[in-house]
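Q: Please take a close look at one part for me: the places where the chains meet. I would like one connected account, with the contacts named as you go.

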2 protein chains.
Amino acid sequence: MAVAETDGKRRDNRRGRILDAAAVEFARSGYSATSVRDIAAAAGILPGSMYYHFASKEDLLAAVHAAGIQRIKERVRAAIETADDPWDRLEAACAAHVETLHASKDYGSVIATEFPRRHSPKLRARMIEERDDYENIFRSLIDDLPLPESTSRKYFRLALIGAMAWSIAWYRPGEDTAEEIARHIVNLFRPAAEAK
Amino acid sequence: MAVAETDGKRRDNRRGRILDAAAVEFARSGYSATSVRDIAAAAGILPGSMYYHFASKEDLLAAVHAAGIQRIKERVRAAIETADDPWDRLEAACAAHVETLHASKDYGSVIATEFPRRHSPKLRARMIEERDDYENIFRSLIDDLPLPESTSRKYFRLALIGAMAWSIAWYRPGEDTAEEIARHIVNLFRPAAEAK
DNA sequence: CCCAATCGAACAAACGCTTGCCCAAACCGG
DNA sequence: CCGGTTTGGGCAAGCGTTTGTTCGATTGGG
């Protein structure tokens, strides 16, 4: 769940802890409502010490975003390989997507709620690139689906990703599992394959 | 599009202009990245003058949220009455929803991107209440649909609203119209009615 | 001439970030 | 195995700026 522990080298431990703390705070309050002091306090260091590991607050957000995308990409890629049927592959991908979004809730929440257009051109470009790269997984999964010609694959993808992303807004722990959510959502889209 | 002009009374003109300016700034940068000075500058007044009309910055957000919800509710309610068939009514509602979300982009964007959980308990409660009230329109529209028992109406509603809300994230003016977007999305869900 | 409405100026607090200094562990030639 | 040196990491303090908000003075239409 946290990045800190998984970074073999002891050397990077502190950096990982700051990253985790930043993800938690950014997820809870949003980027601009979160102060460097908040993050430092959550990480157990003083504000100034953060700047040894990250050049700026913006750099810290970039690192959280990159780590979050990388993680969800890995999980989804791994999940896909467990199935052969195109619909099963999509369902596996969605389950992994929703699961990761809520399991490492902090990183997932940052990805789902920090809009690129609200950040500097430089960071915006990085975020969009990383997101596009990730969405390409779904692009190719959906390309493999046997859909009627009348169904727009573009809207299929956007609606699917939107429906999953929105779960961040309404999900309450203890109700349904991420797998159930993903299964329900995919089942909603599944009949679209047989439509004329 | 703007509230300012529509408020008959001259007396409320300034209040409406501040409200519009706040919606624009909140939509562009988010609540906490927007300063009272930004809003005042956009409204053509001095920062202090805002406090004659609104008790606080938070109150201003509450007013923008309420105005946005009220507007979208009116449009959707009106759109529903143009049709009798349950699916047509849903499609009309979705078209009005997406259209309003993008037409009065500022108010719509604030609704779609300001998460209640990130605000004070008082404001959070108000926002959730207003949203629930609005979502009840869709709740009853979906109750009227002839869906197979295996289809969860709850997930149907959440996925539909999520897919529409997400359009804020990817929509670029000049590509598709709001009506086309809504039609495509509803058509994706429509086959779910005939599934076993 | 009144009073709603706005201005102009200021407030304390919080902001992102920089700087100068310090300490312990790791490293490495002799 | 020693002892000097490098280096990862953190501390304490404060820089200048921006924040939300307050408030007495000022203005102008009815």
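A: Let me begin with a term: a polar contact here is a pair of N or O atoms within 3.5 Å. Please also keep in mind that this is a predicted model.

With that cut-off in hand, start at DNA strand C. A polar side-chain atom of B:Y52 lies 2.4 Å from a phosphate oxygen of the strand, and 2.4 Å is a polar contact because the limit is 3.5 Å. B:L46 reaches a phosphate oxygen of DNA strand C with a polar backbone atom, at 3.2 Å. Chain A takes part through A:R37, which has a polar side-chain atom 3.0 Å from a base nitrogen of DNA strand C.

Stepping back, 17 residues surround DNA strand C, and those that come nearest are A:Y51, B:R14, B:S49, B:Y52 and B:H53. Of the strand's atoms that come within 4 Å of the protein, 64% belong to sugar and phosphate. The surface near DNA strand C is made up of 5 nonpolar, 7 polar and 5 charged residues. Two helices, α3 (36-43) of chain A and α4 (50-53) of chain B, each contribute at least two residues to this surface.

Now for the place where the two protein chains meet. Here 38 residues of chain A are in contact with 38 residues of chain B. Interface size is often quoted as the accessible area lost when the parts come together. By that yardstick, chain A and chain B bury about 3300 Å² between them, with 65% of it on carbon and sulfur atoms. On the chain A side, A:Y155, A:W166 and A:L188 lose the most area to chain B, and together they account for 24% of what that side buries.

The polar side of this interface is worth a careful look too. There are 10 residue pairs in polar contact between chain A and chain B, with both residues at pLDDT 80 or more. Four helices of chain A, namely α2 (13-29), α7 (105-113), α9 (153-170) and α10 (178-189), each supply at least two residues of the side that touches chain B. The most comes from α9(A), with 13 residues. By type, this side of chain A divides into 23 nonpolar, 8 polar and 7 charged residues.

One of those four helices, α7(A), is mostly covered, with 7 of its 9 residues buried. The buried residues include A:Y107, A:G108, A:V110 and A:I111.

Turning to charge pairs, 4 salt bridges cross the interface of chain A and chain B. In one of them, the side chains of B:E175 and A:K154 meet at 3.8 Å, N to O. A:K154 and B:E175 also belong to a network of salt bridges that takes in B:D176. In another pair, B:K154 bridges to A:E175, with the closest N and O atoms 3.8 Å apart. B:K154 lies in helix α9 of chain B and A:E175 in the loop between α9 and α10 of chain A, so this pair joins two chains. B:K154 is partly exposed, at a relative accessible area of 33%.

For context, a search of the whole structure finds 16 salt bridges over all chains. One lies within chain A: the side chains of A:R153 and A:D143 meet at 4.0 Å, N to O. It links helix α9 with helix α8 (residues 121-143) of chain A, its two residues being 10 apart. A:R153 is partly exposed at 29% relative accessible area, and A:D143 is partly exposed at 49%.

Chain B has an internal bridge of its own between B:E91 and B:R190, whose closest N and O atoms are 2.6 Å apart. B:E91 sits in helix α6 (residues 86-103) and B:R190 in the segment after α10 (178-189), 99 residues apart. B:E91 counts as buried because its relative accessible area is 18% and the cut-off is under 20%. B:R190, at 25%, is partly exposed.

To finish, have a look at B:M164, found in helix α9 (residues 153-170) of chain B. B:M164 is buried, with a relative accessible area of 0%. Leaving aside residues up to four places away in sequence, B:M164 touches B:C94, B:H97, B:V98, B:L101, B:F138 and B:I185. B:P47, by contrast, is 35 Å from B:M164, C-alpha to C-alpha, and 117 residues apart in sequence.

Notes. Residues numbered from 1 in each chain as written. Chains lettered and ligands numbered in written order. Predicted model: local features only at pLDDT ≥ 70, side-chain atom pairs only at ≥ 80, totals over all residues. Heavy atoms only, no water. Buried < 20%, exposed > 50% of the residue type's maximum accessible area, 1.4 Å probe, protein only. Contact = heavy atoms within 4.5 Å. Near = heavy atom within 4 Å. Polar contact = N/O pair within 3.5 Å; in protein donor to acceptor, adjacent residues only side chain to side chain. Nonpolar A, V, L, I, M, F, W, Y, C, P; charged D, E, K, R; others polar. Buried area = accessible area lost by both parts, 1.4 Å probe.
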